[in-house]
Amino acid sequence: MFKTNIFGLEYLKEKAKFCTRCPLHKSRTNSVFDRGNPEAQIMILGESPGFNEDIEGKPFVGKAGKLLDEILKEINISQDKTYITNIVKCRPPDNRQPEEIEITTCYNHFLSQQIKIIQPKIIITLGNIATQIFLGKEKKITEIRGNIFQFKDFLIIPTFHPAYILRNPHKRNIILNDFKKIKLTYETYL
Ligand code: URA
């Protein structure tokens, strides 16, 4: 028995391909919807696609994605245990941060529906922007990473964005320990 409405998810993905609701569609090569297992209980949420993601049409396939995959492998979380996506589905020009209106539009039309369909037990939010859409703007990633928050039907566990770790490699152990905690939470409580 599958929990996920695959038809609903495919419909949403198709809608994202042709979406023109915000200005980001003008510069995209591909919309970037998801990768991983829609049946997974762990959703990993990034911010927005970068150069490689825009070309390939899949999230986290560039350097930050390689680091993310490396970390998951290191702690033995197999690819089929995760479902990976971003808040906004189109790459912002020059990799700038997505704007408030872009975040809200994409959340309302895509991410909120995706969450309803996937029904994750845990959402790992990578970095400030992904964390703040659930926990509010006053929450800073440096202060709350590694903590567990109940939000509606799922847990939010924020950690650093892998792109931040690429710029600050001495902090790699922190993200690794957060992921170990996430694994323990998943195995113990879910
Ligand atoms: N950074 C993100 O937040 N998402 C991606 O898909 C790639 C880099």
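User: Which atom of the ligand does a backbone N or O atom of Glu47 lie 2.8 Å from?

Analyst: A polar contact is a pair of N or O atoms within 3.5 Å. In this predicted model, the partner of the Glu47 backbone atom is an oxygen atom of the ligand, at 2.8 Å.

User: Which other residues have polar atoms at such a listed distance from the ligand?

Analyst: Ser48 has a polar backbone atom 3.1 Å from a nitrogen atom of the ligand. His161 uses its side chain, where an N or O atom is 2.8 Å from a ligand oxygen atom. The protein buries 91% of the 240 Å² that the ligand exposes when taken alone.

User: Which residues are around the ligand?

Analyst: Besides Glu47, Ser48 and His161, the surrounding residues are Gly46, Glu53, Pro59, Phe60 and Asn86.

User: Turning to the helices, at what angle do the axes of α4 and α5 cross?

Analyst: Angles of 65 to 115 degrees count as roughly perpendicular. The axes of α4 (residues 100–118) and α5 (residues 127–135) cross at roughly 75 degrees and come within 13 Å, so the two helices are roughly perpendicular to each other.

User: Which residues of α4 and α5 meet, and how do they divide by class?

Analyst: From α4 come Ile103, Tyr107, Leu111 and Ile115, and from α5 come Ile129, Ile133 and Phe134. By class, this contact has 7 nonpolar residues, no polar ones and no charged ones.

Technical notes: Residues numbered from 1 in each chain as written. Predicted model: local features only at pLDDT ≥ 70, side-chain atom pairs only at ≥ 80, totals over all residues. Heavy atoms only, no water. Axes fitted to C-alpha atoms, helices over the stretch in contact; angles between N-to-C directions. Helix = DSSP H or I, 4+ residues; strand = E, 2+ residues; numbered from the N terminus. Parallel < 35°, antiparallel > 145°, perpendicular 65-115°, else oblique. Contact = heavy atoms within 4.5 Å. Nonpolar A, V, L, I, M, F, W, Y, C, P; charged D, E, K, R; others polar. Near = heavy atom within 4 Å. Polar contact = N/O pair within 3.5 Å; in protein donor to acceptor, adjacent residues only side chain to side chain. Areas by Shrake-Rupley, 256 points an atom, 1.4 Å probe, with all protein chains shown as cover.
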